[in-house]
Amino acid sequence: MTDSNSFRQETRDWLETHCPQSMRHPYRNEADACWGGRNCKFQSEEQKNWLENMASRGWTVPAWPVEYGGGGLTSEQAKILKQELARIGARPPLESFGISMLGPALLKFGSEDLKLQHLPRIARGEIRWAQGYSEPNAGSDLASLQMRADDMGDHFIVNGSKIWTSYGDLADWMFCLVRTDFTARKHAGISFVLFDMASEGVSARPIKLISGKSPFTETFLENVRVEKNQVVGSINDGWTIAKYLLTHEREMIGGSGLARSDGVPVSRTAAAVLGTDNGILSDTLLRAEIARYEMDERGLALSIERARDEVRAGVSLGATASMFKYYGTELNKRRYELLMSVSGQDALDWAGGAGHDGLLPKAWLRSRANSIEGGTSEIQLNIIAKHLLGLPG
């Protein structure tokens with residue numbers, strides 16, 4: 001066997017032994033996802049074992065260095081692991097903003113002390129992170145943030161508020177943009193800091209959405225002490241880190257265009273709900289729309305995989321993340337529009353019952369925000385026009 005074939009077989013054998021059968025199907029609902037953290041409540045012993053088994057090999061973050069809790073895999077090995085997980089339908093052992101956003105920023109800009117303090121705990125799912133970026137009245141102009149960090153020598157005292165903080169009421173720590181120089185131009189004078197959400201003066205208040213769920217909060221900081229050793233990169237150079245992290249956030253959000261409801265393709269859902277004529281949907285217009293959607297979904301998946309291969313080879317993702325974010329979120333909205341069409345009047349069943357769980361209309365409404373969060377579609381199109389197409393500003 002070649003080294004790659006040997007690694008694949010070893011990985012396949014290990015997963016067969018260590019991935020519980022109950023972890024080999026898509027999430028049934030949001031509660032099935034494991035976010036880790038100090039107050040994590042596992043849905044089952046199997047869910048807990050799956051996280052611990054993967055973390056023990058560093059496979060929650062397979063390409064991270066071993067010294068930071070990762071698996072130390074090569075890009076080829078990491079790709080094989082991903083393929084083998086997909087082969088058995090294994091769900092992610094851990095969902096984490098620490099993995100998808102903060103981790104890459106720490107690896108690139110963090111001091112060795114910060115890496116050793118935070119990255120292994122992220123990899124093991126011991127700390128759940130929230131993102132402190134958006135502020136009231138700032139809209140899409142992130143650089144106009146006003147959260148104030150006053151220099152007190154060895155620490156800052158921070159005051160202000162953030163909004164649209166995803167799971168701010170459940171997170172343990174926050175990575176946050178604060179203004180440390182009010183005399184500098186707005187893109188300067190910003191620092192990237194980390195702090196414990198249990199710190200005195202921190203509070204979070206859920207924001208109720210039209211979908212009925214509250215994944216977002218308003219977060220308030222009143223005279224909160226933040227140590228200077230929790231500054232990532234240099235003081236007043238936080239905008240550089242913020243932009244880098246946003247490329248990873250936008251790639252993550254763009255991946256929503258690949259998520260399938262209950263792991264089932266729209267075409268299969270349509271066939272189950274509407275029936276077929278010799279295996280073919282009788283509604284030709286709907287059939288064509290679903291076929292076009294699933295072809296576009298496959299195209300996005302291949303494009304993202306190509307870009308990830310390029311990143312592993314040392315090519316910066318850069319503005320390409322905006323392309324994925326724009327297209328992926330538009331694709332996700334299309335999926336829910338199709339699912340609403342397939343379900344007909346049953347799609348309006350908000351309360352559930354009569355064979356329906358009432359989740360579809362809520363998810364459809366939630367999908368409308370995809371083109372706003374993480375930077376609006378208009379902003380992404382401007383970035384694409386300027387940095388990918390070279391159009392004049």
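1. A salt bridge is a side-chain nitrogen of Lys or Arg within 4 Å of a carboxyl oxygen of Asp or Glu. In this predicted model, Arg 8, Arg 12, Glu 84 and Arg 87 are linked by such contacts in a network. By this rule the count comes to 25 salt bridges, and some of them are taken up in the points that follow.

2. One of the salt bridges joins Asp 296 to Arg 334, where the closest N and O atoms are 2.9 Å apart. This pair links distant parts of the chain, since Asp 296 belongs to helix H8 (residues 284-312) and Arg 334 to helix H9 (residues 320-343), with the two positions 38 residues apart in the numbering. Are these two residues buried or exposed? Asp 296 has a relative accessible area of 22% and is therefore partly exposed, and Arg 334, at 31% relative accessibility, also counts as partly exposed.

3. Helix H9 also holds Glu 337, and the salt bridge of Glu 337 with Arg 368 has its closest N and O atoms 3.1 Å apart. Here too the pair links distant parts of the chain, 31 residues apart, because Arg 368 lies in the loop between helix H10 (359-367) and helix H11 (377-388), whereas Glu 337 is in the helix already named. Arg 368 is partly exposed, with a relative accessible area of 36%, and Glu 337 counts as partly exposed at 34% relative accessibility.

4. A further salt bridge is formed by Glu 373 and Arg 366, with 3.0 Å between the closest N and O atoms. Arg 366 is partly exposed, its relative accessible area being 24%.

5. Turning to the aromatic residues, the count comes to ten aromatic pairs. Among them, Phe 7 and Trp 59 are edge-to-face, with 6.4 Å from centre to centre and 70° between the planes. The two residues come from distant parts of the chain, 52 residues apart: Phe 7 is in helix H1 (residues 3-18), and Trp 59 is in the loop between helix H2 (45-56) and helix H3 (75-87). Why do both count as buried? Buried means under 20% relative accessible area, and Phe 7 has a value of 9%, while Trp 59 has a value of 5%.

6. Trp 59 takes part in another pair, with Trp 14: the ring centres are 5.1 Å apart and the planes stand at 70°, so this pair is edge-to-face. Because Trp 14 lies in helix H1 and Trp 59 in the loop between H2 and H3, the pair ties together parts that are 45 residues apart in sequence. Both Trp 14 and Trp 59 are buried.

7. Elsewhere, ring pairs link Trp 129, Trp 173, Phe 175 and Phe 192 into a cluster. Rings are also met by charged groups: the charged end of Arg 128 sits over the ring of Tyr 167, 4.8 Å from the ring centre, and the charged end of Lys 362 sits over the ring of Trp 350, at 4.4 Å from the centre of that ring.

8. The last point concerns the strands. Which strands pair with S7? Strand S3 (residues 155-166) pairs with strand S7 (residues 216-227) in the antiparallel sense over nine bridges, and in this pairing Phe 156 has Val 226 in S7 as its bridge partner. Strand S6 (residues 202-207) is also joined to S7, by six bridges and again antiparallel, and Arg 205 stands opposite Glu 218 in S7.

Definitions and conventions
Residues are numbered from 1 along each chain as its sequence is written. This is a predicted model: local features need pLDDT of at least 70, side-chain atom pairs count only at pLDDT 80 or more; totals for chains, interfaces and linings use all residues. Side-chain values use heavy atoms; hydrogens and water are left out. Two strands pair if DSSP finds at least two bridges between them. Helices (H or I, at least four residues) and strands (E, at least two) are DSSP runs, numbered from the N terminus. Buried means under 20% relative accessible area, exposed over 50%, partly exposed in between (1.4 Å probe, protein chains only). Rings of Phe, Tyr and Trp (its six-membered ring) pair if their centres lie within 6.5 Å; planes under 30 degrees apart count as stacked, over 60 as edge-to-face and the rest as tilted. A charge sits over a ring if NZ of Lys or CZ of Arg is within 6 Å of the ring centre and within 35 degrees of the ring normal.
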